[in-house]
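This report introduces a structure to a reader who has not met it before. The sequence and the structure are shown first, and a description by topic follows.

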Amino acid sequence: MNDAFQRKINYLRISITDRCNLRCVYCMPEEGVELSNHEEILSHEEILRVINSAVMVGIRKIRFTGGEPLVRKGITSLIERVNEIPEIDDIALTTNGLLLPKMAVELKKAGLKRVNISLDTLSPEKFRRITRGGRLSEAWLGVETALEVGFDPVKINAVVIRSFNDNEVYDFAQLTAKMPLNVRFIELMPIGVSDLRGRDSFMATAELIEMLQNRYDLVPEKVAGNGPAKSYRIPGAMGTIGFISPISNHFCADCNRLRLTAEGQLRPCLQSPQEIDLKTPLRGGASPEELAQVIRLAISSKPEKHNMEQAGWAGNRRCMPQIGG
Ligand code: SAM
Ligand code: SF4
């Protein structure tokens, strides 16, 4: 279905939990986010009902996210069941990778084809700091396992933070030379209650590209399924480098997505606090068509663009794990 700005909305990102086994400083406060009660979170059956209605309005791609989606019990069987819905042609997962060594084989068997792994630094000490206690070796084993079991592509998402990991862009670029990884640098967004609220932490894509171009040839490349990322390859490299620039280069004109929070609220836009309640009709016995009607309403109320720059950190106090980043 098209929204009011003639954008075709075919992608649903579903947060299946607001829980996480890390505490990244740009994502959530040290004590974690206020967790929803178990009963508040949509069950697998409810998520499947949403997806079945979503395909009626044209959703073809599903991404599971969170919080950390792999801490949710039964995610493998959920993926297996989504994989049986013929209209869904793409199932993806965004994860911090920690549980992949244990779960990658079963996830692959269940029908998951590709994963995005969030990894902001290649330094064990910085990884511990940015995640407030995580071990890089575990996340890295997740990356290696993802490649070993044959997820394709394996994307690495790195949020760039000035004076923290900006000097690592070359190391990440080098990774793409020798490993078939799609590394994507993401601009820090003013979302949630973070330790990195100062404007000083933000670094725009243009500056990163300039840094990399001083050292490498960056050849533009089209990477399928790379959404809003602009992608390049260093000649001869096995992988690619991408840039996701929600702040410096609005990609809202090409937005094709809708979000579902773990508590069953539809979010037409990542940044806007507007939410459309899907849980009440879900739990009130709504029919598939009635649910589809609510999804249509959410699609038609997508704003033209976000206003993160103007709103700043004050504008959005729900953290990514609550929204489904
Ligand atoms: N736990 C999983 C993970 O880390 O991949 C999935 C959920 S996490 C909220 C999804 C993505 O949101 C991660 O890549 C994370 O880096 C990103 N993210 C969280 N807060 C952000 C912020 N303020 N600015 C930019 N990206 C952010
Ligand atoms: Fe957890 Fe992902 Fe947020 Fe890090 S970015 S705290 S791994 S939800």
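## Salt bridges

The structure contains 13 salt bridges. It is a predicted model, and every value below is computed from it. As a general point, side chains of opposite charge can pair when their charged atoms come close.

One of these pairs joins Glu125 to Arg128, with 3.8 Å between the closest N and O atoms. Both residues belong to helix H4 (residues 124-130), where they are three residues apart, about one turn of the helix. Glu125 has a relative accessible area of 37% and is therefore partly exposed. Arg128 is likewise partly exposed, with a relative accessible area of 44%.

## Bridges involving strands

A further salt bridge connects Arg233 with Glu221, and here the closest N and O atoms are 2.6 Å apart. This pair links distant parts of the chain, since Arg233 lies in strand E8 (residues 230-233) and Glu221 in strand E7 (residues 219-221), 12 residues apart. Arg233 is partly exposed at a relative accessible area of 23%, and Glu221 is partly exposed at 28%.

Arg267 forms a salt bridge with Glu275, the closest N and O atoms being 2.9 Å apart. The two partners fall into separate classes of accessibility: Arg267 counts as buried at 1% relative accessibility, whereas Glu275 counts as partly exposed at 27%. Elsewhere, salt bridges with shared partners join Glu125, Arg128 and Arg129 into one network.

## The open sheet

How are the strands of the sheet ordered? The open sheet has 12 strands in the order E7-E8-E9-E6-E5-E4-E3-E2-E1-E10-E11-E12, and its pairing is mixed. Strands E7 and E12 (276-277) are the edge strands, each pairing on one side only. In general, strands of a sheet pair through backbone hydrogen bonds, either parallel or antiparallel.

At the E12 edge, strand E11 (residues 265-267) and E12 run antiparallel and are joined by two bridges. Gln265 stands opposite Asp277 of E12. Gly264 is located in the loop between strand E10 (257-260) and E11. With a relative accessible area of 0%, Gly264 is buried. The C-alpha atom of Gly264 is separated by 29 Å from that of Gly134, a residue 130 positions away along the chain.

## Strand E2 and its neighbours

Is strand E2 covered or open to its surroundings? Strand E2 (residues 61-65) is mostly covered, with five of its five residues buried. In a regular strand the side chains alternate between the two faces of the sheet. Both faces of E2 are covered: on one side Lys61, Arg63 and Thr65 are buried, and on the other Ile62 and Phe64 are buried.

On one side E2 pairs with strand E1 (residues 11-15) in the parallel sense, over five bridges. Within this pairing, Ser15 stands opposite Thr65 in E2. The chain passes from E1 through helix H1 (residues 44-56) to E2, and this β-α-β crossover is right-handed.

E2 also runs parallel to strand E3 (residues 90-95), to which four bridges join it. Here Arg63 stands opposite Ala92 in E3. From E2 the chain crosses through helix H2 (residues 75-83) to E3, and this β-α-β crossover is right-handed.

## The surroundings of ligand 1

Which residues come nearest to ligand 1? There are 16 residues around this ligand, and those that come nearest are Tyr26, Gly67, Glu68, Ser118 and Met189.

Several contacts between N or O atoms can be described individually. A nitrogen atom of ligand 1 lies 3.1 Å from a backbone N or O atom of Gly67. A polar backbone atom of Thr95 is 3.2 Å from an oxygen atom of ligand 1. The side chain of Ser118 places an N or O atom 2.5 Å from an oxygen atom of ligand 1.

## The surroundings of ligand 2

Nine residues surround ligand 2, and among them Cys20, Leu22, Cys24, Cys27 and Asn96 come nearest. By character, the shell around ligand 2 consists of six nonpolar residues, two polar residues and one charged residue.

Conventions:
Residues are numbered from 1 along each chain as its sequence is written. Chains are lettered from A and ligands numbered from 1 in the order in which they are written. This is a predicted model: local features need pLDDT of at least 70, side-chain atom pairs count only at pLDDT 80 or more; totals for chains, interfaces and linings use all residues. Side-chain values use heavy atoms; hydrogens and water are left out. A salt bridge is a side-chain nitrogen of Lys or Arg within 4 Å of a carboxyl oxygen of Asp or Glu. Buried means under 20% relative accessible area, exposed over 50%, partly exposed in between (1.4 Å probe, protein chains only). A residue is near a molecule or strand if one of its heavy atoms lies within 4 Å of it. Ala, Val, Leu, Ile, Met, Phe, Trp, Tyr, Cys and Pro count as nonpolar, Asp, Glu, Lys and Arg as charged, and the others, Gly among them, as polar. Two strands pair if DSSP finds at least two bridges between them. A crossover is right-handed if, with the strands pointing away from the viewer, the path from the first strand over the helix to the second runs clockwise. A polar contact is a pair of N or O atoms within 3.5 Å; within protein, one must be able to donate a hydrogen and the other to accept it, and residues adjacent in sequence count only if both atoms are side-chain atoms.
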